[in-house]
Amino acid sequence: SSDVCSSDLGYEPSEVWYGANTDLENDWPAIWFYYGYLGFALYAAFLLYYVWLILKRVVKDFKGTVTLENFFLLLLFFLHIGLAQFSGSVIRRPNVSIYMSLVMALIYYKTTAYPATKEHLK
């Protein structure tokens, strides 16, 4: 008999779904459970990369960054991250993943490809 055991790489999904007939809610602890320390660290690093991009752009061009559009992008980004803990459908639901991907793509564009204001370049 094989017991479901955790490792640094998480649980075996087939053991959880088929062997124990259970499935976790889709919140932050579920990422650690399924993917272990390594998967959770990679997921968190991916999200922290976007936070770093935002902070770097704010430091580089504060006046040009503080706009209503950027405020709503930041609000949506942190709303998705926060609601991932309170709603079991934020992390693995395909429609929410598409919305989160669009917000992150816009953040990436606004922080890397979008030109800085002319005030900053003087």
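What pattern does the protein chain follow when read along the sequence? In this predicted model, the answer is α-α-α-α-α-α. Put as a tally, the secondary structure of the chain comes to six helices and zero strands.

A few overall numbers help to set the scene. The chain has 122 residues, and 28% of them count as buried. About 8500 Å² of the chain is exposed, with carbon and sulfur atoms supplying 68% of that area. As for how the chain meets itself, take the contacts with a separation of 6 or more: 65% of them are between residues 24 or more positions apart.

The inside comes next. The largest nonpolar core has 13 residues, and those with the most contacts inside it are Leu 47, Tyr 50, Phe 77, Met 104 and Ile 107. Three helices each supply at least two residues of this core: helix 2 (28–60), helix 4 and helix 5 (94–113). Helix 2 gives the largest share, six residues. Tyr 50 makes a handy spot from which to look around the core. Setting aside neighbours within four places in sequence, Tyr 50 is in contact with Phe 77, Met 104, Ile 107 and Tyr 108. Phe 77 also serves as a reference point for Ser 101, a residue of helix 5. The two are 24 residues apart along the chain, and their C-alpha atoms are separated by 9.7 Å. Ser 101 itself counts as partly exposed, because its relative accessibility is 44%, and buried would mean under 20%.

Charged side chains tell a short story here. In general, side chains of opposite charge can pair when their charged atoms come close. How many salt bridges does a search of the whole structure find? The search turns up one. Its partners are Lys 110 and Glu 69, whose side chains meet at 3.3 Å, N to O. This pair links distant parts of the chain, with Lys 110 in helix 5 and Glu 69 in helix 4, 41 residues apart. Are the two partners buried or exposed, or something in between? Lys 110 has a relative accessibility of 10%, so it counts as buried. Glu 69, on the other hand, has a relative accessible area of 46%, so it is partly exposed.

Right beside Glu 69 in the numbering comes Asn 70, also placed in helix 4. Asn 70 counts as buried because its relative accessibility is 17%. Not counting residues up to four places away in sequence, Asn 70 touches Gly 64, Thr 65 and Lys 110; Lys 110 is the salt-bridge partner of Glu 69. One of these contacts can be described in finer detail: a polar atom of the Asn 70 side chain lies 2.7 Å from the backbone oxygen of Thr 65.

Thr 65 carries the trail into helix 3, which spans residues 62–65. With a relative accessibility of 13%, Thr 65 counts as buried. Leaving aside neighbours within four places in sequence, Thr 65 is in contact with Arg 57, Val 58 and Asn 70. Its own side chain has a polar atom 3.4 Å from the backbone oxygen of Arg 57. Thr 65 thus shows up on both sides of the story, offering its backbone oxygen to the Asn 70 side chain and placing its side chain by the backbone oxygen of Arg 57.

Arg 57 turns up again around Thr 111, a residue found in helix 5. Apart from residues up to four places away in sequence, Thr 111 touches Leu 53, Ile 54 and Arg 57. Thr 111 counts as buried, because its relative accessibility is 13%. A polar atom of its side chain lies 3.3 Å from the backbone oxygen of Tyr 108, and Tyr 108 is one of the contacts of Tyr 50. Thr 111 and Leu 55 are 56 residues apart in sequence, yet 9.2 Å apart in space, C-alpha to C-alpha.

Finally, the outside. Which residues make the nonpolar surface patch of about 420 Å²? They are Leu 68, Phe 71, Phe 72 and Leu 75. Phe 71 lies in helix 4, residues 68–86. Phe 71 is partly exposed, because its relative accessible area is 47%.

Terms used: Residues numbered from 1 in each chain as written. Predicted model: local features only at pLDDT ≥ 70, side-chain atom pairs only at ≥ 80, totals over all residues. Heavy atoms only, no water. Patch = residues over 30% accessible without salt bridge, like charges linked within 9 Å, V, L, I, M, F, W, Y side chains within 5 Å. Areas by Shrake-Rupley, 256 points an atom, 1.4 Å probe, with all protein chains shown as cover. Salt bridge = Lys/Arg side-chain N within 4 Å of Asp/Glu carboxyl O. Helix = DSSP H or I, 4+ residues; strand = E, 2+ residues; numbered from the N terminus. Buried < 20%, exposed > 50% of the residue type's maximum accessible area, 1.4 Å probe, protein only. Polar contact = N/O pair within 3.5 Å; in protein donor to acceptor, adjacent residues only side chain to side chain. Contact = heavy atoms within 4.5 Å. Core = buried A, V, L, I, M, F, W, Y, C linked by side-chain atoms within 4.5 Å.
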